[in-house]
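Here's a quick tour of the fold, written for someone who'd rather look at the model than read a table of angles. Keep the viewer open as you go.

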Amino acid sequence: MLRHLLTAAVAAALLGPGSTVTFAAAPSGPGSTSASASPTASTAVPLADQILIRYRKGTTSAARARVGQAHGLTRLHPSANGRTDLVVARGQSRSVALRQLAADPDIEAVSRNYQRHLADDPTGEPHFAKEWGLNNTGQSFQVGPNTVTGTAGVDIDGLQALGVGDGAGVTVAVVDDGVDFSHPDLAGHEWTNPGESGGGKETNDIDDDGNGLVDDVHGWDFCNNNNTLHDGSQDQHGTHVAGTIAASLNGVGTVGVAPGVKIMAVKFIDSIQGHCGTDDQAIAAIAEGER
Ligand SMILES: [Ca+2]
Ligand SMILES: [Ca+2]
Ligand SMILES: [Ca+2]
Ligand SMILES: [Ca+2]
């Protein structure tokens with residue numbers, strides 16, 4: 001249901017009532033300094049540089065041409081519906097172009113050309129109903145001999161957040177005890193150090209990236225000063241924390257707040273009393289996480 005709602009909402013927002021997208025059939029209009037009729041022309045311009053313009057109702061073709069010339073625009077597609085143009089601004093930054101275009105009297109709205117995705121649906125994860133912190137519907141839990149009932153809405157709006165994004169492209173450093181990346185909900189979530197990977201750098205016993213840590217491929221164990229990031233029963237908490245952050249949408253176990261993020265494991269403590277967990281180890285772990 002969430003996927004359908006998001007798809008419908010995006011379509012309505014982009015097109016407006018009664019509009020259709022017919023890039024290939026639409027003629028190349030005069031609203032730009034140089035126009036291309038190729039329906040695939042936009043693929044040569046990075047998505048981050050593409051700008052969508054919506055003109056005010058009644059804007060003439062002459063006025064659209066003035067907008068193109070005034071702002072140095074190149075049209076990437078024939079106009080979708082006569083009121084919308086996909087353009088790139090040459091010779092100036094995108095942020096400056098967006099600001100200037102927004103102030104143009106013939107333009108109703110301007111935006112980056114964002115890429116949309118189907119909304120993630122976490123409700124199929126077997127333990128999602130227990131994750132009241134993500135989505136509190138007032139569900140009840142058994143806590144020892146007692147039944148505890150939650151308060152609907154007292155949550156972090158995790159369900160809605162997953163409709164916006166999953167954190168892909170973000171790396172989170174877990175400064176804790178170790179993280180078990182062999183857990184089914186964390187497999188594939190390990191951050192990989194580009195300076196210690198490829199061509200055998202992972203296991204060559206050489207500090208290839210020169211940060212003082214040998215073969216720190218997915219993080220570092222500052223407690224034992226090695227690159228094994230999960231040491232059996234010594235580690236009881238970091239895996240849980242990593243799962244709260246990033247557990248996969250995979251039909252297994254739980255889902256994290258942002259199931260698209262990568263985890264860097266920087267262990268500084270374990271469950272052995274007095275073994276490690278000193279402040280200087282924590283500082284070193286945080287420093288590595290800030291890299
Ligand atoms: Ca290293
Ligand atoms: Ca190495
Ligand atoms: Ca270790
Ligand atoms: Ca899962």
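What share of the contacts in the protein with a separation of 6 or more comes from residues 24 or more positions apart? The figure is 67%. Bear in mind throughout that this is a predicted model.

**The overall picture**

The protein has 6 helices and 10 strands. Of its 291 residues, 29% are buried. Two parts are worth a walk-through, one around helix 2 and one around helix 5.

**Around helix 2**

Start with strand 4 (residues 84-89), which pairs in the antiparallel sense with strand 2 (residues 51-55) over 4 bridges. Strand 4 also pairs with strand 3 (residues 73-75), again antiparallel, this time over 3 bridges. If you want landmarks to click on, Ile 53 has Asp 85 in strand 4 as its bridge partner, and Thr 74 has Val 88 in strand 4.

Now look at helix 2 (residues 61-71), where Arg 64, Val 67, Gly 68 and His 71 are buried. Why do these residues line one face of the helix? Seen down the axis of helix 2, they fall within an arc of 95°, so they sit along one face. The general rule behind this is that an α-helix has 3.6 residues a turn, so residues three or four places apart point the same way.

What do the buried residues of helix 2 pack against? The list is strand 2, strand 3, strand 4, helix 3 (94-102) and strand 5 (107-112). Just after helix 2 comes Gly 72, which takes a positive phi of about 65°.

**The sheet of strands 8, 10 and 9**

Further along the chain there is an open sheet of 3 strands, in the order 8-10-9, with parallel pairing. Strand 8 and strand 9 (219-221) are the edge strands, each pairing on one side only. On average, neighbouring strands of this sheet are turned by 25° against each other, direction ignored.

Strand 9 and strand 10 pair in the parallel sense over 3 bridges. Trp 220 has Val 266 in strand 10 as its bridge partner. Helix 6 (residues 279-289) packs on this sheet and touches strand 8, strand 9 and strand 10, with its direction making about 175° with that of strand 8.

Helix 5 lies across strand 8 and strand 10, and runs at about 155° to strand 8. Which residues of helix 5 (residues 238-246) are buried? They are Gly 238, Thr 239, Ala 242, Gly 243, Ile 245 and Ala 246. These residues cover an arc of only 160° around the axis, which puts them on the same side of helix 5. Their cover includes strand 8 (171-176) and strand 10 (262-267).

**The cores**

The largest nonpolar core has 24 residues, and those with the most contacts inside it are Val 174, Ala 246, Ile 263 and Val 266. Strand 8, helix 5 and strand 10 each supply at least two residues of this core. Strand 10 gives the largest share, 4 residues. There is also a second, separate core of 11 residues, which includes Tyr 55, Leu 73, Leu 76 and Leu 101.

Ala 246 deserves a closer look. Setting aside its neighbours within four places in sequence, Ala 246 is in contact with Val 172, Leu 186, His 189, Gly 256, Ala 258, Pro 259, Val 261 and Ile 263.

**Two loop residues with positive phi**

Asp 215 and Asn 225 both sit in loops. Asp 215 has a phi near 55°, a positive value in a residue other than glycine. Asn 225 has a positive phi of about 55° although it is not a glycine. Here they are together:

| Residue | Loop | Exposure | Other C-beta atoms within 10 Å |
|---|---|---|---|
| Asp 215 | between strand 8 and strand 9 | partly exposed | 19 C-beta atoms within 10 Å |
| Asn 225 | between strand 9 and helix 5 | exposed | 12 C-beta atoms within 10 Å |

Why does Asp 215 count as partly exposed? Asp 215 has 19 other C-beta atoms within 10 Å, and a residue is buried only if 20 or more lie there. Asn 225 is exposed because its count is 12, and 12 or fewer is the cut-off for exposed.

Terms used:
Residues numbered from 1 in each chain as written. Chains lettered and ligands numbered in written order. Predicted model: local features only at pLDDT ≥ 70, side-chain atom pairs only at ≥ 80, totals over all residues. Arc of directions from axis to C-beta. Contact = placed C-beta atoms within 7 Å. Pairing = 2+ DSSP bridges. Axes fitted to C-alpha atoms, helices over the stretch in contact; angles between N-to-C directions. Core = buried A, V, L, I, M, F, W, Y, C linked by C-beta atoms within 7 Å.
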